[in-house]
Amino acid sequence: MSTSTIPAKRQLILALSKGRIFEDTMPLLEAAGITVLENPETSRKLILDTNDPGVRVIIVRASDVPTYVQYGAADFGVAGKDVLLEHGGEGLYQPIDLKIASCRMSVAVNAGFDYETAVRQGARLRVATKFVQTAREHFAAKGVHVDLIKLYGSMELAPLVGLSDAIVDVVSTGSTLRANNLVEVETIMEISSRLVVNQAALKLKRERLQPILEAFERASSKQS
Ligand code: PRT
Ligand code: MG
């Protein structure tokens, strides 16, 4: 059956990023009876078919998932809490913590830097991060003055070359920090990925979405 024969309100688009989110979402999709027919690591296609002619997956940058879903270009998606906090969550319904791609948001510094003393003495800290909103709120709540330096990648490099005193980044095993002689000095929050649904799609496509959301909910609660 070609997708053109399926009415628009019965067609769903799911936005995912390549890598850990795609991989960790596959078992949840399987639980809903959906199999993605192409591998984004080997295919150059950005729109992937599934065994269900009414469901397609689009591959976007992790930080772009909330934007595609907000504007309804995708009906639903999977995004980390770190990404959702920076986006703000406007236009998004966030019904399920999928408990996948888990990590934590932390402050890290050069191994030789005395963070506690700097904070206690009221020093103004230069903090490099991709997560400007989260970092701003964290340091404001502690009453620490910071100059935030926005980066788009490899935050770990910033303290090594004197761009910043500290970084705010997500950490999972901690091996990247260790390999670069950085020390985690504070955990800001635990992070996992959430299912996000376009608010209009939730109403207009409820019949199609509901069974998938329920399967995701069941499969993700089994994982924890
Ligand atoms: O890579 P890109 O710039 O496109 O975007 P992204 O890094 O946001 O996407 P992706 O696919 O790498 O991550 C998607 C989501 O996975 C993030 O939004 C987080 O919620 C979650 N996640 C879980 C992680 C990690 N674990 C993680 N370890 N995201 C990034 N990392 C980075 C970490 O910052 C470090 O630089 O991976 C590196 C290795 O981590 P360690 O601690 O295991 O060494
Ligand atoms: Mg990455």
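These are short questions and answers about a predicted model.

Visitor: What makes two domains here, and where do they run?
Guide: The domain assignment of the protein gives them. Domain 1 covers 3-102 + 192-223, and domain 2 covers 103-190. Their centres, taken over C-alpha atoms, are separated by 31 Å.

Visitor: How many residues does each domain give to the contact?
Guide: Domain 1 gives five residues and domain 2 gives six. On the side of domain 1 that touches domain 2, two residues are nonpolar, one is polar and two are charged.

Visitor: Why are α1 and α9 called oblique to each other?
Guide: Start with the angle. Helix α1 (residues 20-31) and helix α9 (residues 206-223) pack at about 120°. Roughly perpendicular runs from 65 to 115, and roughly antiparallel needs over 145. The angle of about 120° fits neither range, and therefore α1 and α9 are oblique. Their axes lie 8 Å apart.

Visitor: Is the crossing of α1 and α9 left-handed or right-handed?
Guide: The crossing of α1 and α9 is right-handed.

Visitor: Which residues of α1 and α9 meet?
Guide: From α1 come P27, L28 and A31. They meet A215, F216, R218, A219 and S220 of α9. By class, this contact has six nonpolar residues, one polar and one charged.

Visitor: How many residues surround ligand 1, and which are the closest?
Guide: Ligand 1 is surrounded by 23 residues. The closest are A62, G80, C103, T173 and T176.

Visitor: Which elements give two or more residues to the shell around ligand 1?
Guide: They are α1, α3 (81-87), β9 (166-171) and α7 (175-179). The largest share, three residues, comes from β9.

Visitor: How do you know that the shell around ligand 1 draws on domain 1 and domain 2?
Guide: Each of domain 1 and domain 2 supplies at least three residues to that shell.

Visitor: What classes of residue make up the shell around ligand 1?
Guide: The shell has eight nonpolar residues, 11 polar and four charged.

Technical notes: Residues are numbered from 1 along each chain as its sequence is written. Chains are lettered from A and ligands numbered from 1 in the order in which they are written. This is a predicted model: local features need pLDDT of at least 70, side-chain atom pairs count only at pLDDT 80 or more; totals for chains, interfaces and linings use all residues. Axes are lines fitted to C-alpha atoms, for helices over the stretch in contact, and angles run from 0 to 180 degrees between N-to-C directions. Helices (H or I, at least four residues) and strands (E, at least two) are DSSP runs, numbered from the N terminus. Angles under 35 degrees count as roughly parallel, over 145 as roughly antiparallel, 65 to 115 as roughly perpendicular and the rest as oblique. A crossing is left-handed if the near helix is turned anticlockwise from the far one by less than a right angle, and right-handed if clockwise. Two residues are in contact if their C-beta atoms, placed from the backbone, lie within 7 Å. Ala, Val, Leu, Ile, Met, Phe, Trp, Tyr, Cys and Pro count as nonpolar, Asp, Glu, Lys and Arg as charged, and the others, Gly among them, as polar. Domain bounds come from an automatic or database domain assignment. A residue is near a molecule or strand if its C-beta atom, placed from the backbone, lies within 6 Å of it.
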